[in-house]
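Good morning, colleagues. Please look at the sequence and the structure as they appear on the screen, and I shall then go through them in order.

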Amino acid sequence: MIFSSHIFLLYFLPLFLLGYFLTPDKWRNLTLLLGSVIFYAWGAPDFILVLLGSTIANFYLVKAMHRAPQPATKKLFCTLAILLSMGLLAYFKYANFFVDNVNALLTAFGLDSMSWTKVLLPIGISFFSFQSVTYVLDTYRGINPPMRRLTDYVVYIIMFPQLIAGPIVRYTDIADQITARRRLRWEECLQGFYRFIIGLSKKVLIADVIGRTVDVTLGGDIAALDMGTAWITIVAYTMQLYFDFSGYSDMAIGLGRIMGFKFPENFDNPYTSTSITEFWRRWHITLGAFMRNYLYIPLGGNRGSQLRTYFNLWIVFLLSGLWHGASWNFVIWGAYHGFFLVIERLMGIGRQRRTWMVLPTFIIAVVGWAIFRIEDLPSCWLFISRLFSFDFTGFALSAHPQFYAMLVLALCFAFITFFPFGKRLQQWVFYTNYTSRCHIPVWVVSLLLFFLCLGALSATSFSPFIYFRF
């Protein structure tokens, strides 16, 4: 089940919210737990027991860790809890990748390859694994005490708004919201609804429209693309990915707000960045925070020599690339961004914003998305060569006018905060507490967008969120 589907929008969400608001405050976590189990089991019934079993086991391992009298015993339970979460992630996400590479190596030496039944990837496993790790390590470090009730912990890990694709939420950020949410006010619920509609519109009206043409073009003869077609295609994918993923984050944040949670922001206008360093402070913010707090800083961060700092950055971004997918193109994509981060450190770029650097930063990000999008490496290198072929003949992008309209609109929205009026508009739309008078026109616009999205969904085929497979 995905947010941008009729089954979710017309059946699951209304019925869940009705039950949630009719439930007394002290029992709402149980309603949320039941709804989350149904939500996940609907799309992945084979894995719900694995998810619940690992979550319950982690709860008791952390309890035992907290009660352990000796530091060595605490460390043992901490290690076991982390191995449980990361072991599941490694098995489901990387077992096929490992076997495929071993078989390729065996074949190269003329040996028989291993027989292997492909492992199916549970949706959202990276996100709930990382969320489990944050809880384990924060409890081990004494940042927060262990949770008292198992049901509260399971709710924290598998609550359906952010279960599938984040944002990655640290327990310490929403501890009081899980155990003692205050009574909801209708104004907050409405603002959550508005945020959800913004995200739904980003996904359905912009990302999906652009993505259909991108998929057709990249699925065709890449060698036949001229330079102009190649650039329009990859810029279109750049917009598709951003509006798809940030749209999901908006929907998750909006749903959380409706239910009384305040999830952290996950995007902050990344394409207006003036350096790759700044880009990674603005793109997928909660993953960046996870990598910084639980990998980069434990490795030593920037406390050692310059060489060690650069090594730490490379390790973090290589692993970040591998986290995005079990394929060599993702490793190369991580190394690509790690390279530019090291270069910026060496040249002192990123210490202050320089407006003229927005365009080169955007171009670096766009070329990186080509590596990210095209998993077949020969095809990827061929496509990148077309980007710099200086061949402007044979423009081959035959797309519906709606594609160009949505691409221009996406570019406008992606860069609108580059201008002062855009910053004010974003502040008003996303963060203003509307007066009663303002709610009427905003509600009308939201309903209009909602019905437009329903109509668009009826006219198109199934389109899952891009980050579901990560």
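What distance separates the centres of domain 1 and domain 2, taken over C-alpha atoms? The answer is 28 Å. I should say at once that this is a predicted model. Domain 1 covers residues 6-181, while domain 2 is built from 187-274 together with 353-456. Where the two meet, domain 1 contributes 26 residues to the contact and domain 2 contributes 18 residues.

Let me turn to the largest pocket. Its volume is about 920 Å³. The lining of this pocket comprises 38 residues, and those nearest the centre are I198, K202, F413, V429 and F430. By class, the lining has 23 nonpolar, ten polar and five charged residues.

Which helix gives the most to this lining? That is helix 9, with eight residues. Helix 9 spans 186-218, and at least two lining residues also come from each of helix 10 (227-259), helix 17 (401-415), helix 18 (420-431) and helix 19 (436-459).

Helix 10 deserves a second look. It packs against helix 16, residues 377-387, at an angle of about 115°, and the two axes are 7 Å apart. Because angles of 65 to 115 degrees count as roughly perpendicular, helix 10 is described as roughly perpendicular to helix 16. On the helix 10 side, the contact is formed by M227, A230, W231 and I234, and on the helix 16 side by F383, R386 and L387. Six of these contact residues are nonpolar, one is charged and none is polar.

Thank you for your attention.

Methods
Residues numbered from 1 in each chain as written. Predicted model: local features only at pLDDT ≥ 70, side-chain atom pairs only at ≥ 80, totals over all residues. Heavy atoms only, no water. 1 Å grid on protein atoms, 1.4 Å probe; cavity = no way out; pocket = protein on both sides within 12 Å on 5 of 7 lines; lining within 4 Å. Points joined across faces, edges and corners; volume = space filled by probe spheres on them. Helix = DSSP H or I, 4+ residues; strand = E, 2+ residues; numbered from the N terminus. Nonpolar A, V, L, I, M, F, W, Y, C, P; charged D, E, K, R; others polar. Axes fitted to C-alpha atoms, helices over the stretch in contact; angles between N-to-C directions. Parallel < 35°, antiparallel > 145°, perpendicular 65-115°, else oblique. Contact = heavy atoms within 4.5 Å. Domains from an automatic or database assignment.
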